[in-house]
Amino acid sequence: MDLLNTLVDKGLRRELPTRDEALAVLATSDDDVLDVVAAAGKVRRHWFGRRVKLNYLVNLKSGLCPEDCSYCSQRLGSTAGILKYSWLKPDEASRAAAAGLAGGAKRVCLVASGRGPTDRDVDRVSDTIKAIKDQNENVEVCACLGLLSDGQAERLRAAGADAYNHNLNTSEGTYGEITTTHTYADRVDTVQKAHAAGLSACSGLIAGMGESDEDLVDVVYALRELDPDSVPVNFLIPFEGTPLAKEWNLTPQRCLRILAMVRFVCPDVEVRIAGGREVHLRTLQPLALHLANSIFLGDYLTSEGQAGKADLEMIADAGFEVENAGEVTLPEHRAPSGGGCGSHAQDGCGSHDGAGCGSHAQDGCGSHDGAGCGSHAEVGCGSHEGGGVCGSVPAAPAEVPAAVAEAPADARTDLVSVRRRGAGTDLAPNA
């Protein structure tokens, strides 16, 4: 297929595809999906070999968020039966992180629900970063706390954070249909603040919210322009009790096409398969490893993921290998130069020189926003005060909301499982 040959050539040169070419990838048929995966896989292997980077989420504060992001189980007005608790203490968070690191993760993503951190919250997270790094010298730590105020990114960097995650989620044109309590511009501003502070920027999207192909291309091109080191791709988890509970729009083949399009547009950045991979890719998850070079290990913020052992077996069976802590994630041309970590050129993801932190063992994280460090739907976009008691597990809702009862007949609602273990509970985590 001439289209795929052209896209491979451009990906190997870090050349931006045209919008029509990106749209054409999304428009390919299911009959052609293996050809699409094979083509994008050549680009992935050229820049990242067969390495898979493992990331581990720690939900520092869950639920009771004042924002109204429609995809989020922690949103204002959500009736999803998720865990709700206030801030984990630094030693609790460090113990939770240790489980993921023992399972092979090289990056820990610290996420907290809310609009954005107070200065006191930044102090809390700073203490948590120190506690984790005191126990694990080479670990990468990414913070995901929502919208940042002036000076907060610098404080997190000084505390030892390597990266900051804040997702754009969807296109600017449709953002107001998903969230009304903050704007698309607010999100862009936070990613830029992270960049300016020398943090490795991580920003991605959520697919499956009813968006068009044009919306998907718009947000991925906007991400390339922002030049993050990592791009988490979340697939909507339609939680019971949220406005998007009936949005079951994805097939495994469509998820593969979306990942391939992201890889072609951002060929040399860390593309992470984030929240929803188990729900929507299902048995085709191993094929997605030919497109993305990074995944989350174990559970997400408010939903359960595939067993950590199964993740590791999947990687090995597919012929890939877990990236070691001492290995460099990003290609050499994205390594810091001159201005140091985060001094990115303004030419867009896939083609900067002397850009970001995230290109060495201490690079950064990569995930969330109003979605949890890459983990989405079970979100966590910041950190307001309040919440329940750590370890208190709410009872499951007595009734299934009508929205779920009306979901399409082929919706796999059985695959959406609320997290009941790990951070915020007395049960061992999945890692």
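**Entry 1: α3 against α10.** I looked up which residues bring these two helices together in this predicted model. From α3 I listed Val33, Val36, Val37, Ala39, Ala40, Val43, Arg44 and Phe48, and these meet Gln253, Leu256, Arg257, Ala260, Arg263 and Phe264 of α10. Sorted by class, the α3 contact with α10 has 10 nonpolar, 1 polar and 3 charged residues. I then took the geometry: α3 spans residues 33–48 and α10 residues 252–265, and the helices pack at about 40° with their axes 9 Å apart. I noted the crossing of α3 and α10 as left-handed.

**Entry 2: α2 against α9.** I turned to α2 (residues 19–27) and α9 (residues 213–226), whose axes come within 10 Å and cross at roughly 130°. That angle makes α2 oblique to α9. I recorded the crossing of α2 past α9 as right-handed. On the α2 side I found Arg19, Ala22, Leu23, Leu26 and Ala27 in the contact, and on the α9 side Asp213, Glu214, Leu216, Val217, Asp218 and Tyr221. By class I have 7 nonpolar, no polar and 4 charged residues for the contact of α2 with α9.

**Entry 3: Leucine 145.** Is leucine 145 buried or exposed? I placed the residue first: leucine 145 sits in the loop that runs between β3 (140–144) and α6 (152–158). Its relative accessible area is 0%, so I entered leucine 145 as buried. I also checked leucine 145 against threonine 118: the two are 27 residues apart in sequence, and their C-alpha atoms are 9.8 Å apart in space.

How values were computed: Residues numbered from 1 in each chain as written. Predicted model: local features only at pLDDT ≥ 70, side-chain atom pairs only at ≥ 80, totals over all residues. Heavy atoms only, no water. Axes fitted to C-alpha atoms, helices over the stretch in contact; angles between N-to-C directions. Helix = DSSP H or I, 4+ residues; strand = E, 2+ residues; numbered from the N terminus. Parallel < 35°, antiparallel > 145°, perpendicular 65-115°, else oblique. Left-handed = near helix turned anticlockwise from the far one by under 90°. Contact = heavy atoms within 4.5 Å. Nonpolar A, V, L, I, M, F, W, Y, C, P; charged D, E, K, R; others polar. Buried < 20%, exposed > 50% of the residue type's maximum accessible area, 1.4 Å probe, protein only.
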